[in-house]
Amino acid sequence: MTVKRALLSVSDKEGIVEFARGLAALGVELVSTGGTAQVLAAAGLPVRSVSDLTGFPEILGGRVKTLHPAVHGGILYRREVPEDEEQLAKLGIGSIDLVVVNLYPFAETIARPGVTLAEAIENIDIGGPTMIRAAAKNYRGVGVVVNPARYQEVLAELEENTGTLSEETAFRLAVEAFAHTAQYDAVISNYLGKLLAGKEGFPAHLSLTLTKLQDLRYGENPHQRAAFYGEAGDVGPSLARARQLQGKPLSFNNINDGNAALELVREFSETTVVALKHTNPCGVATAESLLEAYRRAYEADPVSIFGGIVAVNRPVDVETARAMVEIFLEVIIAPGFDEEALEVLAQKPNLRLLEVPDLSQPVEPYLEYKGVRGGLLVQDSDVAQLDPQALKVVTKKEPTAEQLHDLLFAWKVVKHVKSNAIVVAAGGQTLGIGAGQMNRVGAARIALEQAGDRAAGSVLASDAFFPMPDTVEEAARAGVRAIIQPGGSIRDEDSIKAADEAGIAMVFTGIRHFKH
């Protein structure tokens with residue numbers, strides 16, 4: 001197709017002047033709207049207003065600019081159909097051969113704190129998506145550019161081919177255009193749907209709006225392809241918004257494990273270090289200093305941390321960095337890194353450093369998705385926080401203040417361990433973690449065996465209730481002095497009796513934390 005006239009109407013004006021200047025140099029007539037026309041005119045470019053093209057002014061405060069037959073007829077007519085050509089000639093409508101449009105920043109608008117529904121509504125673009133879809137539908141005769149990153153390559157092809165755009169390029173641009181409008185509409189639908197969901201539950205239709213952030217070398221295994229996508233409108237601390245400061249490209253497993261580590265470390269306001277492997281924590285500790293917390297997390301399981309992920313909720317200082325480079329780690333996630341710490345960590349150039357700021361922000365609820373063949377499971381995220389005042393002591397013995405502190409610590413950790421899950425802890429440090437077992441007592445035996453002699457005087461947390469008293473009996477033999485669990489089994493009394501006989505304090509939370 002030969003480009004003789006281009007319509008430019010963009011919200012994101014990055015690169016538009018240079019692109020338009022290149023088009024003008026090729027003899028392309030520039031037609032534009034409102035703010036875009038002003039920018040082009042200010043740059044000294046010859047530009048015709050859409051109002052001049054249509055013979056009709058922009059109205060309703062700019063809500064109606066391009067919704068006119070002179071615009072859409074020029075875009076949609078079929079160049080290969082003589083009757084279309086004749087009809088446009090009779091009506092005095094000229095062709096529009098290139099549509100350059102990007103849309104009102106709806107996603108950015110709703111990401112602003114305190115944005116109102118009225119503000120969001122005003123940032124729903126109507127004319128832009130209509131022109132984009134029209135041009136994309138008619139790609140054999142019209143080019144459409146929605147991404148400023150495409151300006152240079154489109155201009156280069158036009159310059160090389162004396163103002164002509166190939167059908168192959170036009171088709172590729174059309175595919176990108178339909179993806180652009182589909183994502184835009186989905187962001188709007190999801191935003192409005194969430195407002196309604198608070199009253200009516202999950203929406204009847206769910207559209208996911210994701211943008212590819214990077215291709216990955218492979219998935220969980222080398223024979224699986226993989227990519228990492230970011231969710232439109234996500235503004236909280238996440239790996240999708242992380243800044244990689246050094247190291248090899250992230251792998252599928254790095255991202256999956258890193259997300260699990262990040263979710264766990266955000267449970268804590270105290271200085272905390274999480275060491276994690278295969279989405280399960282292997283060592284978690286709190287302390288006055290980051291260095292001490294790291295050492296305690298390492299000592300919790302010095303074997304499993306090798307080749308693992310470490311997440312911290314304080315900026316990494318030089319002393320902690322020196323300790324970290326003593327072993328092989330895959331990824332370190334932190335809200336920041338001191339300059340001296342970065343110099344030390346640079347000794348391990350393959351070590352991936354991810355900066356995720358604002359970890360102190362409250363954990364906001366979000367929707368979790370789990371793919372199943374033929375569909376998608378959707379649920380609210382498990383952000384339930386335990387109110388210590390709501391704990392129910394069910395045994396004759398009550399936990400001491402120190403034990404209660406450790407119980408709450410262990411409860412935060414066990415929430416992020418694959419079920420069936422047991423955590424043994426003391427002094428703000430995990431001592432043993434039993435993860436992903438098919439029976440609860442099996443998970444308890446693993447955790448207690450890992451804790452060894454350190455289990456004496458410790459506490460134990462379980463992500464779900466005890467169906468039998470055997471876990472309490474195992475804990476008693478190891479010297480555990482307090483237990484926290486949801487309760488709710490029809491045989492709770494058996495576990496309570498076993499705890500009373502062993503002199504163990506046990507509290508119920510009333511909250512289950514299954515994780516699969």
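**Note on the predicted model: domains, cores, pocket and backbone**

1. His 278 has a relative accessible area of 63% and is therefore exposed, the cut-off for that class being over 50%. The model is a predicted one. His 278 sits in the loop that runs between β9 (272–277) and β10 (280–286). Its phi is positive, near 50 degrees, in a residue other than glycine.

2. Thr 162 is another non-glycine residue with a positive phi, here about 45 degrees. The loop between α9 and α10 holds Thr 162. With a relative accessibility of 69%, Thr 162 counts as exposed. Most residues other than glycine have a negative phi, and most peptide bonds are trans.

3. Asn 161 is also placed in the loop between α9 and α10. Its relative accessible area is 36%, so Asn 161 is partly exposed. From the C-alpha atom of Asn 161 to that of Arg 373 the separation is 47 Å, with the two positions 212 residues apart along the chain.

4. The peptide bond joining Ser 419 and Asn 420 is cis, with omega about -10 degrees. Asn 420 belongs to the loop between α15 (401–414) and β17 (422–426).

5. The domain assignment divides the chain into domain 1 (5–197), domain 2 (242–355) and domain 3 (389–508). Between the C-alpha centres of domain 1 and domain 3 there are 62 Å.

6. The largest nonpolar core contains 41 residues, and Leu 239, Ile 333, Val 423 and Ile 484 have the most contacts inside it. This core lies between domain 2 (242–355) and domain 3 (389–508), because both give residues to it. A second core, separate from that one, has 29 residues, among them Cys 282, Val 318, Ala 323 and Leu 353. In soluble globular proteins, nonpolar side chains tend to be buried together.

7. Which residues does Leu 239 contact, leaving aside its neighbours within four places in sequence? They are Phe 228, Ile 255, Gly 258, Asn 259, Leu 262, Ile 333, Leu 354 and Val 356. Ile 333 is itself one of the residues with the most contacts inside the largest nonpolar core.

8. Helix α1 (residues 16–25) has Ile 16, Val 17, Phe 19, Ala 20, Gly 22 and Leu 23 as its buried residues. The elements covering them include β1 (5–10), β2 (29–32), α2 (34–42), β4 (98–102) and α9 (151–160). Gly 27, just after α1, has a positive phi of about 85 degrees.

9. Helix α2 contains Gly 35. Gly 35 counts as partly exposed because its relative accessibility is 39%. Ala 136 is 101 residues from Gly 35 along the chain, and their C-alpha atoms are 24 Å apart.

10. The second largest pocket encloses about 600 Å³ of space. It is lined by 24 residues, and the closest to its centre are Ala 107, Glu 108, His 180, Gln 183 and Tyr 184. Two elements, α6 (106–111) and α10 (167–200), give two or more residues to the lining. Helix α10 provides the largest share of this lining, 6 residues. By residue class, the lining of the second largest pocket has 13 nonpolar, 7 polar and 4 charged residues.

Methods: Residues are numbered from 1 along each chain as its sequence is written. This is a predicted model: local features need pLDDT of at least 70, side-chain atom pairs count only at pLDDT 80 or more; totals for chains, interfaces and linings use all residues. Side-chain values use heavy atoms; hydrogens and water are left out. On a 1 Å grid over the protein atoms alone, a cavity is a set of points where a 1.4 Å probe fits but cannot get out, and a pocket is an open set with protein on both sides within 12 Å along at least five of seven lines; lining residues have an atom within 4 Å of a point. Grid points are joined across faces, edges and corners, and a volume is the space filled by probe spheres set on the points. Helices (H or I, at least four residues) and strands (E, at least two) are DSSP runs, numbered from the N terminus. Ala, Val, Leu, Ile, Met, Phe, Trp, Tyr, Cys and Pro count as nonpolar, Asp, Glu, Lys and Arg as charged, and the others, Gly among them, as polar. Buried means under 20% relative accessible area, exposed over 50%, partly exposed in between (1.4 Å probe, protein chains only). Contact means heavy atoms within 4.5 Å. A nonpolar core is a set of buried Ala, Val, Leu, Ile, Met, Phe, Trp, Tyr and Cys residues joined through side-chain atoms within 4.5 Å. Domain bounds come from an automatic or database domain assignment.
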